[in-house]
Amino acid sequence: MPTELNQKIYVAGHRGMVGSAIVRNLQAKGFTNIVTCTHAQLDLTNQAAVQAFFEKERPDQVYLAAAKVGGIYANNTFPAEFIYQNLMMEANVIHQAFLSGVKKLLFLGSSCIYPKLAPQPMSEDALLTGKLEPTNEPYAVAKIAGIKMCESYNRQYGQSHGVDYRSVMPTNLYGPGDNYHPENSHVIPALIRRFHEAKVANASEVIIWGTGTPRREFLYVDDMAAASVFVMELDKATYDSQTEPMQGHINVGFGSDVTIKELAHAVAKATGYQGSISFDPSKPDGTPRKWMDSSRLNNLGWNAQVGLEQGLALAYRGMLMELT
Ligand SMILES: NC(=O)c1ccc[n+]([C@@H]2O[C@H](COP(=O)([O-])OP(=O)(O)OC[C@H]3O[C@@H](n4cnc5c(N)ncnc54)[C@H](OP(=O)(O)O)[C@@H]3O)[C@@H](O)[C@H]2O)c1
């Protein structure tokens with residue numbers, strides 16, 4: 001049964017890139033009772049504070065889009081913070097949601113849950129079949145724990161309490177609200193920033209690390225939000241038809257990938273940079289290819305809507321608005 005528009009929905013992490021897109025999507029659908037709380041008001045790693053929040057608010061549904069998120073540098077430098085904070089947020093929110101009677105919850109993970117050498121495209125059943133990428137292993141282990149928490153609560157309390165906790169694993173996301181920090185951002189915001197700065201400085205050349213040949217998949221964040229609400233709204237029998245009790249997560253990808261070279265040219269076009277683009281093959285490339293098998297989600301009837309060119313233009317506009 002679709003969720004009634006006056007049901008109380010808690011979006012954890014509503015100021016983040018994904019959480020804010022989920023709020024936009026829910027509002028556009030007409031949901032009128034969305035509860036949010038900033039990090040300053042509610043530290044989700046604090047068990048007592050999370051318990052008090054759930055006892056007071058008693059939401060009907062939860063989207064768990066709060067997390068400690070970062071790039072390779074941050075993950076490598078602060079591994080203890082990444083594993084501790086993410087485990088605590090998940091444990092607190094999922095358990096207190098259960099204790100306060102929440103029947104439906106959606107947990108957001110990440111494609112880094114899959115083994116470093118998983119066959120491409122990465123399907124849901126690649127989970128726990130091999131070693132993780134070492135740089136973000138602590139973060140990935142916390143995300144795997146979140147999936148397993150949802151599955152375990154379903155298995156133990158599904159029948160008795162009607163618990164139905166689901167997980168979605170997004171590919172690389174980009175869009176409004178992204179992090180444009182010079183040292184700590186993902187590839188798309190980093191490239192947008194570099195090409196924007198090169199355009200403003202009238203630079204004649206931008207040099208990108210590596211050969212430009214690795215392939216990556218990118219999804220516009222409003223598509224991710226749409227997929228999240230779509231998965232939350234699926235009736236249980238349909239969700240169960242594409243998942244298993246101990247493999248309850250669903251990949252959310254764009255469906256195809258691009259080379260870094262293609263991406264760089266697309267970002268240059270979106271930002272209006274006119275100079276040349278070259279590559280420095282002496283710098284590391286990373287994994288040759290990383291893309292998700294999204295056939296489960298596609299079989300359920302969802303496909304991405306926003307192509308890379310359109311998405312980059314929207315993302316660039318978002319960054320310019322943040323700058324002003
Ligand atoms: N961005 C991507 O490319 C990507 C890709 C795959 C998966 N995901 C997943 O999507 C989810 C959301 O990512 P995002 O990109 O939206 O991240 P984000 O922009 O950094 O947002 C995360 C939000 O969580 C909040 N938060 C962090 N620690 C908190 C705490 N202890 N208590 C309360 N709130 C806290 C942050 O608040 P403050 O900023 O105030 O700390 C922020 O609003 C994550 O689970 C991530 O793994 C993202």
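This report covers the ligand site, the two sheets and some local backbone features of a predicted model.

## Ligand shell

The shell around the ligand holds 25 residues. M17, V18, H39, Y139 and K143 come nearest. By class, 13 of the shell residues are nonpolar, nine are polar and three are charged.

## Polar contacts to the ligand

The backbone supplies polar atoms at V18 and at L44. A polar backbone atom of V18 is 2.8 Å from an oxygen atom of the ligand. At L44, a backbone N or O atom lies 2.9 Å from a ligand nitrogen atom. Y139 uses its side chain instead: a polar atom there lies 2.3 Å from an oxygen atom of the ligand.

How much of the ligand does the protein cover? On its own, the ligand has 890 Å² of accessible area, and the protein covers 81% of that. Three elements give two or more residues each to the shell: helix 1 (17-29), helix 5 (137-161) and strand 6 (172-174).

## The six-stranded sheet

Six strands make up an open sheet. Their order is 2-1-3-4-5-10, and the pairing is parallel. Strand 2 (34-35) sits at one edge and strand 10 (249-252) at the other; each pairs on one side only.

Strand 3 (residues 61-64) and strand 4 (residues 104-108) run parallel and are joined by four bridges. One residue pair can be followed by eye: L64 has F107 of strand 4 as its bridge partner.

## Helices across the sheet

Helix 4 (residues 79-99) lies across strand 3, strand 4 and strand 5 (164-170). Its direction is at about 170° to strand 3.

Helix 5 also lies across strand 4 and strand 5, together with strand 10. Helix 5 runs at about 155° to strand 5. This helix therefore has two roles to trace in the model, since helix 5 also gives two or more residues to the ligand shell.

## The three-stranded sheet

A second open sheet has three strands, in the order 11-8-13. Here the pairing is mixed. The edges are strand 11 (258-259) and strand 13 (289-290), each pairing on one side only.

Strand 8 (residues 215-216) pairs with strand 13 in the parallel sense, over two bridges. Within this pair, R216 stands opposite K290 of strand 13.

## Backbone details

Which peptide bond is cis? The bond from Q120 to P121 is cis, with omega near -10°. P121 belongs to the loop between strand 4 and helix 5.

R58 has a positive phi, near 45°, although R58 is not a glycine. R58 lies in the loop between helix 2 (47-57) and strand 3.

## G158 in helix 5

G158 is part of helix 5. Its C-alpha atom is 8.8 Å from that of K103. These two residues are 55 places apart along the chain. Leaving aside residues up to four places away in sequence, G158 touches Y153 and V163.

Note on methods:
Residues are numbered from 1 along each chain as its sequence is written. This is a predicted model: local features need pLDDT of at least 70, side-chain atom pairs count only at pLDDT 80 or more; totals for chains, interfaces and linings use all residues. Side-chain values use heavy atoms; hydrogens and water are left out. A residue is near a molecule or strand if one of its heavy atoms lies within 4 Å of it. A polar contact is a pair of N or O atoms within 3.5 Å; within protein, one must be able to donate a hydrogen and the other to accept it, and residues adjacent in sequence count only if both atoms are side-chain atoms. Accessible areas come from the Shrake-Rupley method with a 1.4 Å probe; for residues, only the protein chains shown count as cover. Ala, Val, Leu, Ile, Met, Phe, Trp, Tyr, Cys and Pro count as nonpolar, Asp, Glu, Lys and Arg as charged, and the others, Gly among them, as polar. Two strands pair if DSSP finds at least two bridges between them. Contact means heavy atoms within 4.5 Å. Axes are lines fitted to C-alpha atoms, for helices over the stretch in contact, and angles run from 0 to 180 degrees between N-to-C directions.
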